[in-house]
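Subject: Handover of a structure and notes on its contents

Dear colleague,

Please find below the structure that I am handing over to you. My notes on what was found in it follow directly after.

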Amino acid sequence: MKRTLMALAVGAAFVAPAALADVTISGAINMGIAYVDSDDSTGGGGGESNFQLTNNYSNVTISSVDDLGGGLKLDFAFQVVTPLTTAGTPGSNVINRNSHIGLVSESWGGIWYGTNENLYERYFYSIDPLDGAAGIGGNLQMMGTPGFGTVFDTGQLQCAPGAGCAGFYRRTDQTIWYDSPSFGGLTFGAYITTTAGKSGA
């Protein structure tokens, strides 16, 4: 019972300030028309062309940052995206992208819990002029894969249980991450995913 009450008290400490905070609704529209034409590498005269409207990273974000005093802030965000298509039909499934709750300090940095890309992916976005994995020729298209034919090798369909994946950038749930303040221009981060929801394999 004591542990339950303690958990409720900790939860209330986060929920109450968030409920009183000013909420911002924002997002991005990043749709575009894409045409890709590929030839059959075996020389058999095959290949395919694809013409489509791509959603890229269009999203809607509900967020708030509440000043708790003493240089400490509560940071909350809920970001969703609706695919343009789902198995060839108009999309209707809302997908959670980067959503979190965390504490940010002027002196020691910030720590968050939620869903986000791992550090490798986030850091590549910060120096990529071509929109990371969304843009053809972006950093992650070239350096987030071990080679040709392996792109976004992170989903259930590509990763058999226990077999692992070749792709080494991804977005994960149940994640805790830390970003340091700037030390004369030097920053660093740490990232760990909990075992919540982990399968037996």
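Does Gln174 count as buried, partly exposed or exposed? Gln174 has a relative accessibility of 31%. Because buried means under 20% and exposed means over 50%, Gln174 counts as partly exposed. This residue lies in strand 11. Its backbone also deserves a remark: Gln174 is not a glycine, although its phi is positive, at about 50 degrees.

Please keep in mind throughout that this is a predicted model. The average pLDDT of the protein chain is 74, and 57% of the residues score at least 70. Among the elements of the chain, the highest mean pLDDT, 95, belongs to strand 9 (residues 99-105), and the lowest, 50, to strand 7 (residues 89-90).

Overall composition

The protein chain has 201 residues, of which 27% count as buried. Its secondary structure consists of three helices and 12 strands. The accessible surface comes to about 13100 Å², and carbon and sulfur atoms account for 62% of that area. Of the contacts with a separation of 6 or more, 46% are between residues 24 or more positions apart.

The aromatic residues around Phe188

There are three aromatic pairs in the structure. In one of them, the ring centres of Tyr178 and Phe188 are 6.0 Å apart and the planes stand at 50 degrees, so this pair is tilted. The two partners are 10 residues apart and link distant parts of the chain, with Tyr178 in strand 11 and Phe188 in the loop between strand 11 and strand 12. A further pair is formed by Phe183 and Phe188, whose ring centres are 6.4 Å apart; their planes are at 10 degrees, so this pair is stacked. Tyr178, Phe183 and Phe188 are thus linked by ring pairs into a cluster.

As for exposure, Phe188 is partly exposed, with a relative accessible area of 42%. Tyr178 is also partly exposed, and its value is 22%. The loop that holds Phe188 runs between strand 11 (171-179) and strand 12 (189-193). Leaving aside residues up to four places away in sequence, Phe188 touches Tyr123, Tyr178, Asp179, Ser180 and Phe183. Phe188 and Leu119 are 69 residues apart in sequence, while their C-alpha atoms are 9.4 Å apart in space.

Helix 2 and Glu121

Glu121 is placed in helix 2 (residues 119-125). Its relative accessibility is 5%, so Glu121 counts as buried. Along the chain, Glu121 and Arg171 are 50 residues apart, and their C-alpha atoms are separated by 8.5 Å.

The salt bridge

Side chains of opposite charge can pair when their charged atoms come close. The structure holds one salt bridge. Its partners are Arg97 and Glu117, with a distance of 3.9 Å from N to O. This pair links distant parts of the chain, 20 residues apart: Arg97 is in the loop between strand 8 (95-96) and strand 9, and Glu117 is in strand 10 (residues 109-117). Both Arg97 and Glu117 are buried.

The nonpolar surface patch

Which residues make the nonpolar surface patch? Ile29, Met31, Ile33, Tyr35, Phe51 and Leu53 form it, and the patch covers about 780 Å². At least two of its residues come from strand 2 (32-39), and at least two from strand 3 (47-54). One of the patch residues, Phe51, lies in strand 3. With a relative accessible area of 63%, Phe51 is exposed.

When you open the model, I would suggest starting with the cluster of Tyr178, Phe183 and Phe188, then turning to the salt bridge between Arg97 and Glu117, and finally to the nonpolar patch that includes Phe51.

With kind regards

Terms used: Residues numbered from 1 in each chain as written. Predicted model: local features only at pLDDT ≥ 70, side-chain atom pairs only at ≥ 80, totals over all residues. Heavy atoms only, no water. Patch = residues over 30% accessible without salt bridge, like charges linked within 9 Å, V, L, I, M, F, W, Y side chains within 5 Å. Areas by Shrake-Rupley, 256 points an atom, 1.4 Å probe, with all protein chains shown as cover. Salt bridge = Lys/Arg side-chain N within 4 Å of Asp/Glu carboxyl O. Helix = DSSP H or I, 4+ residues; strand = E, 2+ residues; numbered from the N terminus. Buried < 20%, exposed > 50% of the residue type's maximum accessible area, 1.4 Å probe, protein only. Contact = heavy atoms within 4.5 Å. pLDDT = per-residue confidence, 0-100. Phe/Tyr/Trp six-rings, centres within 6.5 Å; stacked < 30°, edge-to-face > 60°.
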